[in-house]
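Thanks for making time this morning. I would like to walk you through one model, taking the sheet as the thread and leaving the surroundings for later.

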Amino acid sequence: MTRRANPNYLVLICTYNERENLPKLFQAIRQVDAQADILVVDDNSPDQTAQWVRQEQNNDPHVHLIQRTGKLGLGSAIKTGMQYAIDHGYPWLINLDGDLSHNPAVIPELLAKQDSYDLVIGSRYVPGGGLEGCSWRRIAVSRFANQLARWMVGWKIQDCSSAYRLYRIATLQRIQLQTLEETGYGFLEEILAHLIKTGARVTEVPIVYQERRLGQSKISLREARSAFNALVKASKIYRSR
Ligand SMILES: Nc1nc2c(ncn2[C@@H]2O[C@H](COP(=O)(O)OP(=O)(O)OP(=O)(O)O)[C@@H](O)[C@H]2O)c(=O)[nH]1
Ligand SMILES: [Mg+2]
């Protein structure tokens with residue numbers, strides 16, 4: 001693997017049918033850091049996302065791909081990316097969605113918190129943050145889910161379900177990743193509960209979330225239910241401190 005002598009972080013993008021979005025996303029990442037290592041964890045997307053990544057690898061040695069056999073869930077894909085970051089000795093991991101909802105221009109603001117924090121969340125609900133292009137229904141559901149998380153779990157964090165995060169790998173290594181059970185979106189709350197329990201220092205920086213313009217949403221009712229169950233579990237983990 002060709003890498004910088006001391007790469008500070010790995011950028012993780014989990015994808016299922018994001019072929020149309022990845023070229024623009026890669027361009028935006030490259031504007032922030034021309035040499036950042038990027039890992040795509042793709043679940044054998046029918047739209048050939050992985051094939052596009054392979055082509056990109058021909059021009060860019062900093063692009064890496066894990067292609068899994070089928071759609072195994074966002075949480076399990078993030079977990080796969082985390083294990084890769086641990087195995088390859090990266091000190092930090094940045095996760096962002098593959099549909100251009102998370103603007104890579106915020107990466108330097110996440111990195112600016114490295115000295116004092118173990119987890120930095122790109123947050124829609126702190127001053128300066130927001131959502132653009134989202135339906136009122138989507139905003140209401142997201143706000144309700146996050147309010148619920150604060151009530152149930154007692155967290156002071158405003159945006160518990162944002163996937164746009166910078167993780168300190170040494171802190172991730174304090175929790176046993178393989179014991180985390182959620183394979184879907186609920187993984188985000190589950191891992192947050194474990195990190196907070198182990199004393200991770202968490203902060204939020206504002207992001208303006210852009211509703212996807214291309215491709216289809218993968219969130220289903222089943223996923224939403226699993227995220228709720230994850231919250232119930234998170235509240236148990238948090239309260240058992
Ligand atoms: N590898 C992998 N990636 C996934 C899976 N489910 C979702 N993703 C990716 O995870 C990211 C977030 O998923 P989205 O479908 O955008 O979820 P969302 O942001 O809650 O919903 P929309 O933006 O409305 O579509 C995107 O990059 C998806 O392609 C999965 O099962 N496996
Ligand atoms: Mg999305």
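**The sheet and what covers it**

Let me start in the middle of the sheet, where S4 and S7 run antiparallel and are joined by four bridges. Within that pairing, the bridge partner of Asn 95 in S7 is Arg 165. I should say at once that this is a predicted model, so everything that follows is computed from predicted coordinates.

Stepping back to the sheet as a whole, it is an open one of seven strands, with mixed pairing, and the order reads S3-S2-S1-S4-S7-S5-S8. Strand S3, residues 63–67, and strand S8, residues 202–206, stand at the edges, and because each has a single partner strand, one side of each is left without a neighbour in the sheet. From one strand to the next, the twist averages 20°.

Now let me move from S4 to its other partner. S4, which covers residues 92–95, pairs with S1 in the parallel sense over four bridges, and there Val 11 stands opposite Ile 94. Both faces of S4 are covered, with Trp 92 and Ile 94 buried on one side and Leu 93 and Asn 95 buried on the other.

How many of the residues of S1 are buried? The count is seven of seven, so to speak a strand that is mostly covered. In a regular strand the side chains alternate between the two faces of the sheet. In S1, Tyr 9, Val 11, Ile 13 and Thr 15 point one way, while Leu 10, Leu 12 and Cys 14 point the other way, and all are buried.

On its other side, S1, residues 9–15, runs parallel to S2, residues 37–42, and six bridges join the two. Two of the residues of S1 can serve as markers here: the bridge partner of Val 11 in S2 is Ile 38, and that of Cys 14 is Val 41. Helix H2, residues 49–59, packs on the sheet, where it touches S1, S2 and S3, and its direction makes about 150° with that of S3. As for the path of the chain between these two strands, S1, helix H1 (residues 22–32) and S2 make a right-handed β-α-β unit.

The next pairing leads out to the edge: S2 and S3 pair in the parallel sense over five bridges, and Val 41 has Ile 66 as its bridge partner in S3. Here the chain crosses from S2 through H2 to S3, and this β-α-β crossover is also right-handed.

**The core**

Which residues touch the most other members of the largest nonpolar core? That core has 57 residues, and the ones in question are Leu 10, Val 11, Leu 12, Ile 13, Leu 93, Ile 94 and Leu 192. H7 gives the most to this core, with seven residues. If we take Leu 12 as an example and leave aside its neighbours within four places in sequence, its contacts are Leu 39, Val 41, Ile 78, Gly 81, Leu 93, Ile 94 and Asn 95.

Helix H7, residues 187–197, is itself mostly covered, since 10 of its 11 residues are buried, and among them are Phe 187, Ile 191, Leu 192 and Leu 195, together with the polar-named Glu 189, Glu 190 and His 194. The helix is followed by Gly 199, whose phi is positive, near 90°.

**A residue outside, and the whole chain**

For contrast, consider Lys 156, which lies in the loop between helix H5 (136–153) and strand S7 (165–168). Is Lys 156 buried or exposed? Lys 156 is exposed, because it has 8 other C-beta atoms within 10 Å, where the cut-off for exposed is 12 or fewer. Its C-alpha atom is separated by 14 Å from that of Ala 200, 44 residues apart along the chain.

Finally, the protein chain taken whole has eight helices and nine strands. Its radius of gyration is 17 Å, close to the 18 Å that the globule rule gives for 241 residues, so the chain is as compact as a globular protein of that length. Buried residues make up 41% of those 241, and among contacts between residues at least 6 apart in sequence, 83% join residues at least 24 apart.

How values were computed
Residues are numbered from 1 along each chain as its sequence is written. Chains are lettered from A and ligands numbered from 1 in the order in which they are written. This is a predicted model: local features need pLDDT of at least 70, side-chain atom pairs count only at pLDDT 80 or more; totals for chains, interfaces and linings use all residues. Two strands pair if DSSP finds at least two bridges between them. Axes are lines fitted to C-alpha atoms, for helices over the stretch in contact, and angles run from 0 to 180 degrees between N-to-C directions. Two residues are in contact if their C-beta atoms, placed from the backbone, lie within 7 Å. A crossover is right-handed if, with the strands pointing away from the viewer, the path from the first strand over the helix to the second runs clockwise. A residue is buried if 20 or more other C-beta atoms lie within 10 Å of its own, exposed if 12 or fewer, and partly exposed in between; C-beta atoms are placed from the backbone. The radius of gyration is taken over C-alpha atoms; the globule rule is 2.2 Å times the number of residues to the power 0.38. A nonpolar core is a set of buried Ala, Val, Leu, Ile, Met, Phe, Trp, Tyr and Cys residues joined through C-beta atoms within 7 Å.
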